[in-house]
Amino acid sequence: MFCNFISDIDPDKIMILDNASCHKAKIINNVKTKPKLYFLPPYQPELNPTEHCFSVIKNYIRKKKPRNFESLKTYIGIAIKNLCSNNKVFNMFNHCLFKN
């Protein structure tokens, strides 16, 4: 399934991947056209902007202490909207890309 996904991506593009086993499968080498693949170093979540995003969302939800599933969904939506405002996601990517 992942092979089908990457074969549909323009070969001039770049993909940054974690080290999930499906990303490292030998069959990926057989995919004829694929983007340039770069892998994050193992065990360095500070280089993965997704980890930062989830951390912000989880901290917001912990502070709100939802008592039921509906309020949990509402708080997740608010946290994502907050995260997408004011270039926060852009800043997280920059932080990860330019970290020394």
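Guide: Two strands count as a pair if DSSP finds at least two bridges between them. In this predicted model, that criterion applies to strand S1 (residues 14–17) and strand S2 (residues 36–39), which are joined by four bridges.

Visitor: What makes S1 and S2 a pair, and in which direction do they run?

Guide: The pairing requires at least two bridges, and S1 and S2 have four. The criterion is therefore met. The two strands run parallel, and Leu17 stands opposite Phe39 of S2.

Visitor: Which residues of S1 lie on its covered face, and which on its uncovered face?

Guide: Met15 and Leu17 form the covered face of S1, while Ile14 and Ile16 form the uncovered one.

Visitor: Where do these strands stand in the order of elements along the chain?

Guide: Starting at the N terminus, the order is α-β-α-β-α-α-α, which amounts to five helices and two strands.

Visitor: How do you know that Leu40 is buried?

Guide: Leu40, in the loop between S2 and H3, has a relative accessibility of 16%. Buried means under 20%, so Leu40 qualifies. Leaving aside residues up to four places away in sequence, Leu40 touches Ile16, Leu17, Asp18, Asn19, Leu47 and Asn48. The C-alpha atoms of Leu40 and Leu17 are 6.1 Å apart, although 23 residues separate the two in sequence.

Visitor: What makes Cys96 count as buried?

Guide: Cys96 belongs to helix H5, and its relative accessibility is 7%. That value is under the limit of 20%, so Cys96 counts as buried. Apart from residues up to four places away in sequence, Cys96 touches Glu46, Leu47, Asn48, Pro49 and His52. From Cys96 to Asn48 the C-alpha distance is 6.4 Å, across 48 residues of sequence.

Visitor: How much of the chain counts as buried?

Guide: The buried share is 21% of the 100 residues. As for contacts between residues with a separation of 6 or more, 37% of them involve residues 24 or more positions apart.

Visitor: Why is Asn4 called exposed?

Guide: Asn4 lies in helix H1 (residues 2–7) and has a relative accessibility of 55%. Exposed means over 50%, so the term applies to Asn4. The C-alpha atoms of Asn4 and Lys34 are separated by 9.6 Å, with these positions 30 residues apart along the chain.

Visitor: What is the phi of Lys65, and is the residue buried or exposed?

Guide: Most residues other than glycine have a negative phi. Lys65 is not a glycine, yet its phi is positive, at about 50°. Lys65 is placed in the loop between H3 and H4. With a relative accessible area of 55%, against a cut-off of over 50%, Lys65 is therefore exposed.

Visitor: Why is helix H3 (residues 49–64) called oblique to helix H5 (residues 88–97)?

Guide: The axes of H3 and H5 cross at roughly 135° and come within 9 Å. This angle is neither in the range from 65 to 115 degrees nor over 145, so H3 is oblique to H5. H3 passes H5 in a right-handed crossing. In the contact, H3 contributes Pro49, His52, Cys53 and Val56, and H5 contributes Val89, Met92, Phe93, His95 and Cys96. Of these residues, seven are nonpolar, two polar and none charged.

Visitor: What makes H3 oblique to helix H4 (residues 69–84)?

Guide: The axes of H3 and H4 also cross at roughly 135° and come within 9 Å. The same cut-offs apply, and H3 and H4 are therefore oblique to each other. Their crossing is right-handed. On the side of H3 the contact is made by Cys53, Val56, Ile57, Tyr60, Ile61 and Lys64; the residues of H4 are Leu72, Tyr75, Ile76, Ile78, Ala79, Ile80, Asn82 and Leu83. They divide into 12 nonpolar, one polar and one charged.

Visitor: Why are H4 and H5 called roughly perpendicular?

Guide: The axes of H4 and H5 come within 6 Å and cross at roughly 65°. Roughly perpendicular covers 65 to 115 degrees, so the term fits H4 and H5. The contact joins Asn82, Leu83 and Cys84 of H4 to Lys88, Val89 and Met92 of H5. Four of these residues are nonpolar, one is polar and one charged.

Technical notes:
Residues are numbered from 1 along each chain as its sequence is written. This is a predicted model: local features need pLDDT of at least 70, side-chain atom pairs count only at pLDDT 80 or more; totals for chains, interfaces and linings use all residues. Side-chain values use heavy atoms; hydrogens and water are left out. Axes are lines fitted to C-alpha atoms, for helices over the stretch in contact, and angles run from 0 to 180 degrees between N-to-C directions. Angles under 35 degrees count as roughly parallel, over 145 as roughly antiparallel, 65 to 115 as roughly perpendicular and the rest as oblique. A crossing is left-handed if the near helix is turned anticlockwise from the far one by less than a right angle, and right-handed if clockwise. Contact means heavy atoms within 4.5 Å. Ala, Val, Leu, Ile, Met, Phe, Trp, Tyr, Cys and Pro count as nonpolar, Asp, Glu, Lys and Arg as charged, and the others, Gly among them, as polar. Buried means under 20% relative accessible area, exposed over 50%, partly exposed in between (1.4 Å probe, protein chains only).
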